[in-house]
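Open the model in your viewer and keep the selection tool at hand. The tour goes stop by stop, with something to pick at each.

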Amino acid sequence: MSPLIEIRNLHFAWPGEAEAVSIEQLQLQPGEHLFIQGPSGSGKSTLLNLIAGVLSGFKGDIKLAGHSLASLSERQRDRLRADHIGVLFQQFNLLPYLNLIDNVSLPCTLSAPRREAAIRRSGSVQAEAHRLLERLQLPTGLFQRRAVAELSIGQQQRVAAARALIGAPELIIADEPTSALDGASRDRFMQLLLEELVQSNTTLLLVSHDPALAEHFSRHLTLEGGGSC
Ligand code: ADP
Ligand code: MG
């Protein structure tokens, strides 16, 4: 099996600053779940943005799904990200003028492979959005409504998770996704997210400063600031 992510001799510094990320080697196989922890400023978000192809100008090699990011144009990296990565942040970035189904469906308007995967799975993009919202335990009565403002924080984060999952991207990148949740919502969120990821053999890269999440993960990476591992 070829790795989904392969990093070698990665070094990145913001202009005029000390090195923010330095990783000699890291490989993730399809379906592996990696927990990334470290103090504020230790380079966690920078590392995720490098792997997502949002940031360039690094030294060394990052391969995603067999593609070497350094050899791609910005446009090609955008395409690779849209097709292969579901992104989940602490802020949910849900659109209040769209109903929940359309919020979840958005990545399928940007990526033909994700649209096709959603249709293969459930017959239509809408039906797959419906399945994911149900699976993440959102109330069915809200699905067709512009109901973002009526949702609890925990529910909003589960809608954002459904949006990251739709179209079965090989990789989910999550930056502090549970920071806005209380303990009970956090545990429920992680349980539902992991159930869906295990079923679809999706790789997860999750950053958090919350050590309570570590137990859910088989792989761990601690960034110390200056970024060595
Ligand atoms: P973490 O996510 O672990 O809190 P970051 O990756 O955000 O850490 O930051 C790592 C280092 O890079 C910090 O020293 C931070 O000040 C710096 N940094 C982050 N984003 C930028 C930016 N856009 N421009 C310049 N420096 C940045
Ligand atoms: Mg961060």
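Which residue takes a positive phi in the hairpin of strand 4 and strand 5? Select the two residues between those strands: Ala 65 has a positive phi near 50 degrees. Keep in mind throughout that this is a predicted model.

**Stop 1: around the hairpin**

Stay on the hairpin and add its strands. Strand 5 covers residues 67-68 and pairs with strand 4 over two bridges, in the antiparallel sense. Pick Leu 64; its bridge partner in strand 5 is His 67.

Now select residues 5-13, which make up strand 1. Strand 1 runs antiparallel to strand 4 (residues 59-64), and five bridges join them. Show the side chains of Arg 8 and Asp 61: Arg 8 stands opposite Asp 61 in strand 4.

**Stop 2: the antiparallel sheet**

Add strand 2 to the selection. Strand 2 and strand 1 are paired by eight bridges, again in the antiparallel sense. Click Ile 7 and look across to strand 2, where Leu 26 is its bridge partner.

With these four strands displayed, read the sheet across. The order is 2-1-4-5, the sheet is open, and the pairing is antiparallel. Which strands stand at the edges? They are strand 2 (19-28) and strand 5; each has a single partner strand, so one side of each has no neighbour in the sheet.

Next, select residues 44-51. This is helix 1, which packs on the sheet and touches strand 1, strand 2 and strand 4. The direction of helix 1 makes about 125 degrees with that of strand 1.

**Stop 3: ligand 1**

Select ligand 1 and show its surroundings. The residues around it are Trp 14, Glu 17, Pro 39, Ser 40, Gly 41, Ser 42, Gly 43, Lys 44, Ser 45 and Thr 46. By class, this shell holds two nonpolar, six polar and two charged residues.

Turn on distances. How far is a polar side-chain atom of Lys 44 from an oxygen atom of ligand 1? The distance is 2.8 Å. Two backbone contacts are also worth labelling. A polar backbone atom of Gly 41 lies 2.7 Å from an oxygen atom of ligand 1. For Gly 43, a polar backbone atom is 3.1 Å from a ligand 1 oxygen. Then switch to a surface: ligand 1 taken alone exposes 560 Å², and the protein buries 59% of that.

**Stop 4: the parallel sheet**

Move to the other sheet. Five strands form it in the order 6-7-8-3-9; the sheet is open and its pairing is parallel. Strand 6 (85-89) and strand 9 (219-222) are the edge strands, each with a single partner strand, so one side of each is left without a neighbour in the sheet. On average, neighbouring strands here are turned by 15 degrees against each other, direction ignored.

Zoom in on residues 33-37, strand 3. Four bridges join strand 3 to strand 9, and the two run parallel. Pick Ile 36; opposite it in strand 9 stands Leu 221.

Finish with residues 153-165. This is helix 6, lying across strand 6 and strand 7 (171-175). Helix 6 runs at about 165 degrees to strand 6.

Methods. Residues numbered from 1 in each chain as written. Chains lettered and ligands numbered in written order. Predicted model: local features only at pLDDT ≥ 70, side-chain atom pairs only at ≥ 80, totals over all residues. Heavy atoms only, no water. Near = heavy atom within 4 Å. Polar contact = N/O pair within 3.5 Å; in protein donor to acceptor, adjacent residues only side chain to side chain. Areas by Shrake-Rupley, 256 points an atom, 1.4 Å probe, with all protein chains shown as cover. Nonpolar A, V, L, I, M, F, W, Y, C, P; charged D, E, K, R; others polar. Pairing = 2+ DSSP bridges. Axes fitted to C-alpha atoms, helices over the stretch in contact; angles between N-to-C directions. Contact = heavy atoms within 4.5 Å.
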